[in-house]
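Please examine the following model, beginning with the relation between its chains and then turning to the contact and the strands behind it.

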There are 2 protein chains.
Amino acid sequence: MATYPKTSLNKVQRGAKRASYDIETVNQILDADFMGYVGYAYKGRAISLPMAYGRENNKIYLHGSLKNRMLLTLLEAEDISMTVMHLNGLVLARSGLHHSVNYRSATLFGKLKKVTDSLEKEKGLKCVIDQMIPGRWENLRPILEKELNGTLVAEMVIETASAKIRDVGVHDEKSDMELPIWAGIVPIKQLAETPQSDPYLPEGVAIPEHIDNYVNKNSK
Amino acid sequence: MATYPKTSLNKVQRGAKRASYDIETVNQILDADFMGYVGYAYKGRAISLPMAYGRENNKIYLHGSLKNRMLLTLLEAEDISMTVMHLNGLVLARSGLHHSVNYRSATLFGKLKKVTDSLEKEKGLKCVIDQMIPGRWENLRPILEKELNGTLVAEMVIETASAKIRDVGVHDEKSDMELPIWAGIVPIKQLAETPQSDPYLPEGVAIPEHIDNYVNKNSK
């Protein structure tokens, strides 16, 4: 099973038994989402902002306007890190300190560079859009050259990464187990609801299969 | 209406019409969640990690183990920034570049300091637990002195902040409006599901009111 190298950057410090460096595990976490948190240094502090991403093999594509402060700063710094997390449940223990959450997260480290070739830029944007909803890109009108020129596309090559997963029940002190205090898990799920068609659609344009598939897959 | 000062740190650069500096708007976004993304600088790069928080007035409480690398680094740096975002929908346009998401986000900037007084630490931890589920803390067994001593509690005083909200329909180019391409919104919601009681609960311990309230409030 292929794994990422453990370095001082990605080695999980706390809760190491929940950590994984398995490339496939990291990819599954990335592929179940499309928004990650990217940090960048600005005026001496690290600012953390959400960005849409697309993954293809060991590459993460990001995009933004040509003036995007975060992307421009990161392209200059080259080194980049991104975290993706899915919250799966609240872990409610008998004591405050054993409260926790169930989750799956991945933190990636790598180098970011600007994509300049038009075909490569288009590939990167397709990757980001299809990460949001598989099959979306081929249903859209083709992207225009001037749109490509007005968009900043960047690719991060993942150099190393770690995953962290908590998916077990409540842990409490043995001495607390007989207390008459309710403990348990409240599962949390992110769900898609009924699509709302744009009121300006021409008559006869129905909800396409790729949208139905997405909603079905992400409903209760 | 009280607002945060606009500085070079928090002034929203892109999509300024979606920005708000209103304190009440920022607080509403913070109070609808309990996990934020905090950035910290490590070996020259900004790492972004999720942390549970609690808000009280203009203060954000964070906690972790005494060896928490992120908190210790941030306490040394003092300056801290945190972002909270709720994803509310996928905005699916007729062209790739007009794809977007509906969301509510808040980015905070402030100073972080260690809480050392035991009563203040307890107040901070109560704030974090009750942010997750209101009313939880008073249902737990009291925290022990040795647990308090083994926990790092930090408070961030919010100096400035910004909110960003997108909650409108699809925007497309006028020239694309007649295309036979489906466009619309897929609403996204984070929901709580049926609580799973810990199998080791003593007989007769029922799901308490504060859990029922939480699940009802966060269900369909």
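**Symmetry, interface and strand pairing**

Gln190(B) is the residue of chain B that comes closest to the rotation axis, its C-alpha lying at 2.1 Å. The model is a predicted one. The axis in question belongs to the operation that superposes chain B on chain A: a rotation of 180° with 0.0 Å of shift along the axis, giving an RMSD of 0.0 Å. That is the relation of a two-fold axis.

How many residues does each chain bring to the contact? Chain A and chain B take part with 90 residues each. Of the interface residues of chain B, 100% are also interface residues in chain A, so the copies meet through the same surface. The area buried between the two chains is about 7,800 Å², and carbon and sulfur atoms give 63% of that area.

Polar interactions also cross this boundary. There are 27 residue pairs in polar contact between chain B and chain A, counting pairs in which both residues have pLDDT 80 or more. Four salt bridges are found across the interface. In a salt bridge between the chains, the side chain of Arg141(B) meets that of Asp176(A), with 2.9 Å from N to O. On the side of chain B that touches chain A, the elements giving two or more residues are strands S2 (35–42), S3 (45–52), S6 (79–92), S7 (100–114), S9 (184–192) and S10 (196–197), together with helices H3 (118–132) and H5 (209–217), of chain B. The residues on this side of chain B divide into 53 nonpolar, 20 polar and 17 charged.

Strand pairing also joins the chains. Strand S9 of chain A, residues 184–192, pairs with S10(B) in the antiparallel sense over two bridges. Within S10(B), Ser197(B) stands opposite Gly184(A).

Several of the strands named above for chain B pair with one another inside that chain. S2(B) and S3(B) are antiparallel and share eight bridges; Gly36(B) has Met51(B), in S3(B), as its bridge partner. These two strands form a hairpin with two residues between them, and Lys43(B) in the turn has a positive phi of about 45°. S6(B) and S7(B) likewise pair in the antiparallel sense, over 12 bridges, with Ala106(B) in S7(B) as the bridge partner of Val84(B). S7(B) is in turn joined by 12 bridges to strand S8 of chain B, residues 151–166, and these two strands run antiparallel. Here Leu112(B) has Met156(B), in S8(B), as its bridge partner. In a regular strand, side chains alternate between the two faces of the sheet.

Salt bridges are also found within a chain; over all chains, the structure holds 22. Glu155(A) forms a salt bridge with Lys59(A), and the closest N and O atoms are 3.7 Å apart. Glu155(A) lies in strand S8 (residues 151–166) of chain A and Lys59(A) in strand S5 (residues 59–65) of chain A, so this pair ties together parts that are 96 residues apart in sequence.

A final position to inspect is Arg55(A), which is placed in strand S4 (residues 54–56) of chain A. The side chain of Arg55(A) reaches the backbone oxygen of Asn57(A) at 2.8 Å. Apart from its neighbours within four places in sequence, Arg55(A) is in contact with Asn27(A), Leu30(A), Asp31(A), Ile60(A), Cys127(A) and Gln131(A).

Conventions:
Residues numbered from 1 in each chain as written. Chains lettered and ligands numbered in written order. Predicted model: local features only at pLDDT ≥ 70, side-chain atom pairs only at ≥ 80, totals over all residues. Heavy atoms only, no water. Contact = heavy atoms within 4.5 Å. Buried area = accessible area lost by both parts, 1.4 Å probe. Polar contact = N/O pair within 3.5 Å; in protein donor to acceptor, adjacent residues only side chain to side chain. Helix = DSSP H or I, 4+ residues; strand = E, 2+ residues; numbered from the N terminus. Nonpolar A, V, L, I, M, F, W, Y, C, P; charged D, E, K, R; others polar. Pairing = 2+ DSSP bridges. Least-squares fit on C-alpha atoms with pLDDT ≥ 70 in both.
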